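The exercises below concern the architecture of a two-chain model. Please work through each task before reading its solution.

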Amino acid sequence: MRRAPWLWRGLLLVAILAAWQALAQPGLLPPIVWDNPDRAAFFFGEPVKIVRVAWTWFADGSIYGHLWVTLEETVLAFVIGAGLGLGVGLWLGLAPSASALLDPYIIAANAMPRVVLAPIFMVWFGLGIWSKVALGVTLVFFIVFFNVYQGVKEVSPVVLNNALMLGANRRQLLRHVYLPSATSWLFSSLHASVGMAFVGAVVGEYLGSARGVGYLIQQAEGAFDINSVFAGMLVLTAFALVLDAAVARAERRLLRWRPAQSEVEPL
Amino acid sequence: MGSAVSFEGVTCTFAARAGGAYTAVEDVTFSIAEGEFVSVVGPTGCGKSTLLNVAAGLLRPSAGAVRIFGEPLAGLNRRAGYMFQAEALMPWRSALANVTAGLEFRGLTSDEARRRGEDWLARVGLAGFGDRYPHQLSGGMRKRVSLAQMLILDPQILLMDEPFSALDVQTRGLMENELLELWSADRKSVIFITHDLEEAIALSDRVVVLSAGPATRPIGEFAIDLPRPRDVAEIRLAPHFVGLYDRIWHSMKAEVLKGYAQTRNRVAG
């Protein structure tokens, strides 16, 4: 297991898919739950058909337009949400009176399930990408905000005093001490916040849109086409993995100064 | 010769978390002459760092005043460099960028800052390590970077708060010698805080002994008339060094025991 994890992981996946395919096969197993042999495939789909649907989407190129829209919404939601979170986090972190005033409201706003805002955003911003971006922003903002706020609060007082003694003025302290410290916290929440931007985009599409992978899933569901629903989920999962790998790459480049979790490992 | 730093009746009182007030230092009066290397020793937790923060202008005394070259200190002490006990390097800056930070804050061009930074890295024995980040350097190397970071700005007063206390004995000896060598080049005024009496005697022109806290105050001053240049490892064996050590330790002993008893009571209670 320790020597070839990928092999075992692959085998596990194959085993699960094979069991799924077998159980959904009409007539292969004697009827236990359903008397109609096609019922299992209707409710749960079949892995072979799911892959075939996904394959067709890529082969005829119809998926790319939807993926592009989803990507666009995710990136916009992340950039705007992270920018706002960084700005407000720095501001409240450095202004104790403002944070004392706004603290309960921020806690309340964060505790609120923001997905219910989606229909309101649709009224405000229409069915285009901006209602999805707005939903993503409300999800990303709080993750980034809390991390940056914490980052500002936890700047080492020694590093701060040292910078002061080296002659830094207020602006330079912000630029050279608070901002780098806050961004390091921002990047540590990067995986979570990109994931949230993605959730915002897909949920928004699902609730009402004309394009995007979430729309695709919603359409298939409306037609009881379970195989296409699962195919849409497959595409979303693959997309999320690619996004996550891109984030990990960016993180490694930008946080080169931070000690790795462990630079040596026991054999 | 005038005095570089003089404490005049400095008292620092803090509001204690449990209510009431805690007086860290009380009515401290002493001064450091220009070009003099003064060590301040005292039991742990006696408010040595408080005094240094007052001299740096990071902390305003509750009563009394500090004069820097005869002028009362208001705000930060711009003529002083401060070397902290804890890690003070900016972890997101490379060693070189840390050394040149002060020059950058003063608006020097990056080429000029870089040239002088490389020069200082070489002077503290870290040539070629400029692009390493602090976490990639050993504790001793980080202290050298801190030293260069302070000295590159050419401050007239050096405030050093147990700068080498976290280092192992061998590295510490090396760093002490290097500090003396750099210091002897242009004789800045130094206030060196330490709890290690041997270190204090080996480095200094004068040793100031503080009483145990709270309400710490100086209880003795000893001129160290050992010849310079010194090698800190060798000078510890000189008979005169041993004599000085005995005398100063004798005056400190009661305070150290008092400080120890207080710490123990605090832990027990």
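Four exercises with worked solutions follow.

This is a predicted model, in which local features need pLDDT of at least 70 and side-chain atom pairs count only at pLDDT 80 or more, while totals for chains, interfaces and linings use all residues. Residues are numbered from 1 along each chain as its sequence is written, and chains are lettered from A and ligands numbered from 1 in the order in which they are written.

**Exercise 1. Overall form of chain A**

Task: Determine the secondary structure content of chain A and decide whether its radius of gyration fits a compact globule.

Solution:
1. Chain A holds 12 helices and 0 strands, where helices (H or I, at least four residues) and strands (E, at least two) are DSSP runs, numbered from the N terminus.
2. The radius of gyration, taken over C-alpha atoms, is set against the globule rule of 2.2 Å times the number of residues to the power 0.38. For the 267 residues of chain A the rule gives 18 Å, and the value of 24 Å is well over this, so chain A is more spread out than a compact globule.
3. The C-alpha trace of chain A spans about 80 × 60 × 35 Å along its principal axes.
4. Buried residues (20 or more other C-beta atoms within 10 Å of their own, with C-beta atoms placed from the backbone) account for 32% of the 267 residues in chain A.

**Exercise 2. A helix pair in chain A**

Task: Describe how α3(A) and α12(A) pack, and list the residues that meet.

Solution:
1. Helix α3 (residues 47-60) of chain A packs on helix α12 (residues 226-254) of chain A at an angle of about 65°, and their axes are 8 Å apart. Axes are lines fitted to C-alpha atoms, for helices over the stretch in contact, and angles run from 0 to 180 degrees between N-to-C directions.
2. The crossing of α3(A) past α12(A) is right-handed, that is, the near helix is turned clockwise from the far one by less than a right angle.
3. From α3(A), the residues A:Lys49, A:Ile50, A:Val53, A:Ala54 and A:Trp57 meet A:Asn227, A:Ser228, A:Phe230, A:Ala231, A:Leu234 and A:Val235 of α12(A). Contact requires C-beta atoms, placed from the backbone, within 7 Å.
4. This contact comprises 8 nonpolar, 2 polar and 1 charged residues. Ala, Val, Leu, Ile, Met, Phe, Trp, Tyr, Cys and Pro count as nonpolar, Asp, Glu, Lys and Arg as charged, and the others, Gly among them, as polar.

**Exercise 3. Chain B and its domains**

Task: Characterise the fold of chain B and the contact between its domains.

Solution:
1. Chain B has 9 helices and 10 strands. Its radius of gyration is 19 Å, close to the 18 Å of the globule rule for 269 residues, so chain B is as compact as a globular protein of that length.
2. An automatic or database domain assignment divides chain B into domain 1 (1-79 + 158-250) and domain 2 (88-154).
3. The C-alpha centres of these two domains of chain B lie 25 Å apart. Their contact takes 9 residues from domain 1 and 6 residues from domain 2.
4. Helix α6 (residues 169-186) of chain B supplies the largest share of the domain 1 side, 4 residues.

**Exercise 4. The contact between the chains**

Task: Analyse the side of chain B that touches chain A.

Solution:
1. The contact draws 20 residues from chain B and 15 residues from chain A.
2. In chain B, β6 (80-83) and α3 (101-105) are the elements giving two or more residues to this side, and α3(B) gives the largest share, 3 residues.
3. The chain B side divides into 14 nonpolar, 4 polar and 2 charged residues.

Terms used
Contact = placed C-beta atoms within 7 Å. Buried ≥ 20, exposed ≤ 12 C-beta atoms within 10 Å, placed from the backbone.
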